[in-house]
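Colleague: Please take me closely through one part of this model, starting with the strands and what lies against them, and then place that part within the rest of the chain. I would like the backbone and the charged side chains treated with the same care.

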Amino acid sequence: MRKLPFRKSETVAAAPEFSGHIDGIHDGAIMGWIRAASHQGPLQVDLLANGQGVGFSVLAGDHRPDVEAAGFGDGRYGFRCPMPATDARGQPWPSDQTALIELRIAGGTQTLMTRQVAIQMPPPAPEPESQPIALDCDGRIEKLGETHLRGWVTNRNNIGQILRIEVLIDGVFFCKVLNDQLRDDLLRAGLSEGRGGVRLSLPLRQLGKGTHAISLRLPDGRLISKTVEVQGQLYLPAPAARIAPADCAVIVPVYNAAEDVAICIERLRAHTPAEVEILFVDDASPDPGIARLLDQASACPNIRVLRNDRNLGFTATVNRGIAEIGRKHPILLNSDARVTPDWIGGLLTAAGSRARVATVTPMSDRAGAFSAPDMGNDNGLPPGIDEITFARAFRRRALGLYPLVPTGNGFCMFIHRACLDEIGALDVQAFPRGYGEENDFCMRAGRAGWLHLVDDRTYVFHDRSKSFGSAKDELIKAGRAVIDRRYPEYKKAIRVFAHGDELALARMQARRAQEDCQDPRATLPRTLYVVATQTGGTPHTNIDLMTALYDVRDSWLLRCDSTHLVLSRWQDGKLHEMLRHDLGEAIDPIRHASTEYDEVVAGWLRRFEFGIVHIRHLAWHSLNLPRIAKETGCRVVFSFHDFYTICPSVKLLQADGVFYGGDLDQLAGEVVPELWKPDAMPPAGAAWIGFWRERFDRALACCDAFVTTSASARARILAALPGIDPAAFAIIPHGRDFPELLRLRQVPRHGQPVRILVPGNIGTAKGLGVIQALLDMDRDRLLEFHVLGRVDASAQIDDPRLVRHGTYSRDDFASRVRGLGIHLGAVFSIWDETYCHTLTELWSVGIPALVFDFPTVAGRVRASGAGWVLPHDDIGLLYRQLIGIAFDPAEQDRADLALAAWQNGPGLAESTRLMAARYLNLYRRAQGQAALPVVGVVAPPPPEPEAPPPWGGVRQEAHRALQGDCICITMPAQALLANLNSGTLDGATVQSDAVPVTLASALHEALHRAAIPYTL
C-alpha cells in the first residue's frame, strides 16, 4: 500500500490540464518535469528566464523515478535545459539572485507554469597553467587511531609540491588536509624536499563503536585506505534543565519580501507546536501585500502581529519583539527562512544538552558557516527531493554532537532568557540595520561564560538576506569592522567553522543524508511500535500492520521483558535488532517505572526521530513512556488489546475464574495478576486495582489518540479510565489476509461423535474447565474436542475425547485443519475478548463457531450468523443446546449460508491493507491532520515477478477522482466488490483488464450503488 505523495508545489501552474514542477536551476541547467493529462508521451517545451528565451523545443522525456513513484506513468517526463552563459544584456547570470522561469509548449504562447528560482551557475573554469606539472602521487597511512591519523603524501614528479588531499570516512568526504608537515625521513630518502607529512585529528569516537575505513584521496585520484576499530566512548556533558516549548516564542522581523513571508508563515503553521507563540513584527513594510498576509496569519491562535509606526531597522525591531514576549526564551527567525518538522524540539534539545547555553543555531542550505553539506550559500537539494524529505534524512544521519562555536546566526537562533538578563539585548546603536548584531551579542555572551551551539540535528532552509537588497555588502563590511575592533579574538575564534572536527562531521553526515535521499525508504516517516510479549495476537497483528505499511512507513519495534530492552527495525519481512540494553534497574509492577529505562528510551527516541510512537502494550515497560515520547516531539497512539490498563488480571477474571467485567463494585475477592509473578505485587483486590487505574489514567493523559478493536472493549475502558477523551478513541478491527477462504468442515452425522475444533492455547480463561465439564456430562460419548494449540497441563485432563494436535502457525492453520473431519468450532472464552483471532481463523476455513455470550465475540457471531451464542454458566443447558444444534439440519444449513456470506464479504474486505489505511488516518488525526479518503485500486499484477506493478496511472486517476490526496489500497476485484457492499471505501479506481468478465456486471452495479467517486 502506498500513500499518494502529492504535495503543494511552489510552482504556479496556469494550465490545469498539465502536471509538473520547475525544480530550479542547478549547475547552470533548468531542471523539472511536465506531463499532459491527455497525452502519455513526452512533450517539447520552450523555457524562458526573466522573459528571455533560454531553451527551445526541449524534449521533456528524461526518466524521473520520483515522478514515476508519485503515480505519473513511467516517469519519463523530466527535462534539463542548460542556461546560456549570459543574459540578454550579455552579462553573466548572477549566482546570488533569482530568475522567473516560464514554461510553454514549444512554439506556443500560453504559459503552462512559472516559478521564481535561485540561479545556481557552475563556477568559471580556472585558467590553465602554462606548464602544468603531471601528478604521480605516492603515500602511506602510517598510524591510525580513534583520534588521529599520521602519514605522508608526495608527488614523484615534483617532490617539493604541497598538495591538497581529501580525507574520506567510510567513503564519504570529511575534510581536506595539506602535506605540509616537516619530515626529515622523507628528505633523507629522497622522497621530498623536507615536507610531505600529513597529520590530522579524527573525531571517530563521535561516530560510535565499530570499524571505520579512513581513506586519503590523492590529487591523481589514487586512494590510500586503512581501517580502525573504535572502542572509546564519547564524553557527554551533563544536561541542563529541559526547556518547554510553551516557554519559548518565535520572533519574525518582517520587511517586504511578501513571497518569502507567505512561505515562512505556511511552514511555521505546519511545523510549530501550538503552545509556542509566534510573533511577527512588521518594520513598516511599504509592500501592501505584507499587511494582508499578516492579517490572515493573525487568525491562527498562537500568532500575533506587531507593526512599527515607522521603520526602526532590523535590530530595533528584533529587540522590540524580545521585550514583547515577556519572560519567554526568544527564537529569532528571518522571514525568508523555511522551518521543517520538529525544528522547535531540535533547538530545545540542543539548548538543554549542557549548562549555560546562550544560543543555538540549526544548520541550513544558505547560512554561511552554518551551511551543510558545504559552507557558504550553494547547497542544492538532490533532484526530485523536497525540503521536508531532506530535513528528515539530515536528522536521521545526524550525530547530535552540538558543536561549540563562538557565535550563532540570527537567521534562526534560540536565545536563553537568562543570558539576555545578564548581558542585555542586541546593540541597536552599532548595528541599526543588522549584519553583525548577533555576532556582537554572542561575543559578549562568550566573554561572560555563556556557550553557543550548532544544532547539527535540525535543518532550516534560508533564502539569505533578501530584505536588505543591494545594501547587503556595505552592511556586512561595516558590521565586521565593528566586530573586529571590539573583539580581537574574533578572527581566530571563527576558524572553528572551517576547521572544527565536529562541524566537519556534521557536514559529512549531511552528504550521507543526500545519498540517503536516493533511497525512497530512507526518508519515510518513522513509527515506533511498543509491545511486551513476543507471542499471541498482538505481536502478530503488529507484524501484519508493519508489513501492510511497508511502502509508506519505516516501522521499528521496542520490546521489553522488564529487564531487557530491544529495539528492532522491520525490513525485508523480518525484524533486525538495532540496539539492546540490559536494565540494571528493572521494571517492577509496584513502581511500574525505571529511571534507567526512561533515560535509555528517551535517548533512543531522540536519536532515531520517530514521528509516531504507537504503544500496543505497556506491560514490562515504564509508565512514563507516553510522557517521554511526547517530550521528545513524538505523537503518541495507545492501543488496548486487553484490559491490562484497568486490571492486572488482564482479562478481568476473579481468582475463582468468574468474569467481573471491570466493575469494582462487582468484584468478589481478588484477581490473579497474569503477566507478573504472584508475589510481585500486593493482594490484587479493589483497593490495589483502583490505584492501578489511577496510575494508568495519569500515564495515558498525554496520548494523542486511542484505539481498540471493539465497542464493548472501548466502553469498559472509558468507564474505568475517565481521563481518556472519547473523541480521541477509535475502533479499528483487526484485518487478516488469507491465501484463500476454504470450506473444510463436515456436517455432523448421526452415529458419529461431533468433532469440535478448539484453536488456541486453552486454559481456564479459554474455557478448559467448560470442556472438562462437558466431557464429564457426555456419557453417550457424542462429543470429541480437537485442540489445535497447547492445553494447560495443570488441569490434568486425561480423556481420549480431548485430542491434542499441537501448536500451529497462522500460515499453516488451514493445512492443519484439513483432514481432521471437523464439524464445528468453539471459542469458549469466559471473558469478554477485545477481538478474537481464532474466531476469524475458524471462519476462514468454513467452520461455524460455538461461543459464549460475552459482547465482543457474541456480537461478531450475531452480526454474521456464522455460529451460535450459547450459555456457559449452566453446563446441562449448554450440553443440550450444543447437541441439538449439531444435529439440526436447518441450523447447519443456515450457518453454512452465513459463512459463505462472511467469506464473500468481510472475510475479503477486512484485509490488513484496509486495517493499515485506517491506522494511517488515525496517525494523521493524532498529528492534527485531516483523515484522507481511502480508495480501492484494482489493477493487473506486474508481468514479471520482479517488475514494479503498473499502478502509477491508476493511482493518479484515483487522485483526480477524489480531487485531492488519498490512501490507495490495492486489491483484487472480488475484494473491491466486498468493500463496496460493506461501505468501507471512499472511492475506487479500476482497470478493466484486471476484472474477470464474470464479475464485471456485479462490480459495475456495486459501484453505482455505493455512490462514491470512481474511475474505470
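Modeller: For the packing described below, an axis is a line fitted to C-alpha atoms, for a helix over the stretch in contact, and the angle between two axes runs from 0 to 180 degrees between their N-to-C directions. The model is a predicted one, and the part I have chosen is an open sheet of four strands, arranged in the order β14-β13-β16-β17 with antiparallel pairing. The edges of this sheet are β14 and β17 (223-230), and each of them has a single partner strand, so that one side of each is left without a neighbour in the sheet. From one strand to the next, the twist averages 25 degrees.

Within the sheet, β13 and β14 run antiparallel and are joined by six bridges, among them the one that pairs Arg164 with Leu178 of β14. In a regular strand, side chains alternate between the two faces of the sheet. Helix α13 (residues 501-516) lies across β13 and β14, and its direction makes an angle of about 140 degrees with β14.

The loop between β13 (164-169) and β14 (172-178) holds Asp170, whose phi is near 55 degrees, a positive value in a residue that is not glycine. Most residues other than glycine have a negative phi, and most peptide bonds are trans. With a relative accessible area of 32%, Asp170 is partly exposed, because that value falls in the range between the 20% limit for buried and the 50% limit for exposed.

Beyond β14 the chain enters a loop that leads to α2 (184-188), and Arg183 in this loop is linked to Glu142 in strand β11 (residues 137-144), a partner 41 residues away in a distant part of the chain. The side chains of Arg183 and Glu142 meet in a salt bridge, with 3.0 Å from N to O. The two ends of this pair fall into separate classes of accessibility: Arg183 is buried, at a relative accessible area of 10%, whereas Glu142 is partly exposed, at 32%. A network of salt bridges also links Asp136, Asp138, Arg140, Arg156 and Arg222.

A second pair of strands can be set beside the first. Strand β30 (residues 564-571) and β31 run antiparallel and are joined by eight bridges, one of which pairs Trp570 with Leu575 of β31. The hairpin of β30 and β31 has two residues between its strands, and Asp572 in this hairpin takes a positive phi near 55 degrees. After β31 (574-582), in the loop that leads to α15 (595-608), stands His592, which also has a positive phi, of about 50 degrees, although it is not a glycine. His592 counts as buried, since its relative accessibility is 0%, whereas Asp170 of the earlier loop is partly exposed. Glu585 and Arg591 form a salt bridge through their side chains, at 2.9 Å from N to O, and both partners are partly exposed, Glu585 with a relative accessible area of 27% and Arg591 with 44%.

Elsewhere in the backbone, the peptide bond between Ala372 and Pro373 is cis, with omega about 5 degrees, and Pro373 is placed in the loop between β23 (357-363) and α7 (387-397). A further salt bridge joins Arg447 to Glu489, with the closest N and O atoms 3.0 Å apart. This pair again links distant parts of the chain, 42 residues apart, with Arg447 in helix α9 (residues 437-447) and Glu489 in the loop between α10 (472-486) and α11 (490-493). Arg447 counts as exposed at 52% relative accessibility, while Glu489, at 31%, counts as partly exposed.

As for the chain as a whole, it contains 29 helices and 45 strands. Its radius of gyration is 34 Å, close to the 31 Å that the globule rule gives for 1016 residues, so the chain is as compact as a globular protein of that length. Along the principal axes, the C-alpha trace spans about 110 × 75 × 70 Å, and 55% of the residues are buried. Of the contacts between residues at least 6 apart in sequence, 69% join residues at least 24 apart. The accessible surface comes to about 42900 Å², and carbon and sulfur atoms account for 51% of it.

Technical notes. Residues are numbered from 1 along each chain as its sequence is written. This is a predicted model: local features need pLDDT of at least 70, side-chain atom pairs count only at pLDDT 80 or more; totals for chains, interfaces and linings use all residues. Side-chain values use heavy atoms; hydrogens and water are left out. Buried means under 20% relative accessible area, exposed over 50%, partly exposed in between (1.4 Å probe, protein chains only). Two strands pair if DSSP finds at least two bridges between them. Contact means heavy atoms within 4.5 Å. The radius of gyration is taken over C-alpha atoms; the globule rule is 2.2 Å times the number of residues to the power 0.38. Accessible areas come from the Shrake-Rupley method with a 1.4 Å probe; for residues, only the protein chains shown count as cover. A salt bridge is a side-chain nitrogen of Lys or Arg within 4 Å of a carboxyl oxygen of Asp or Glu.
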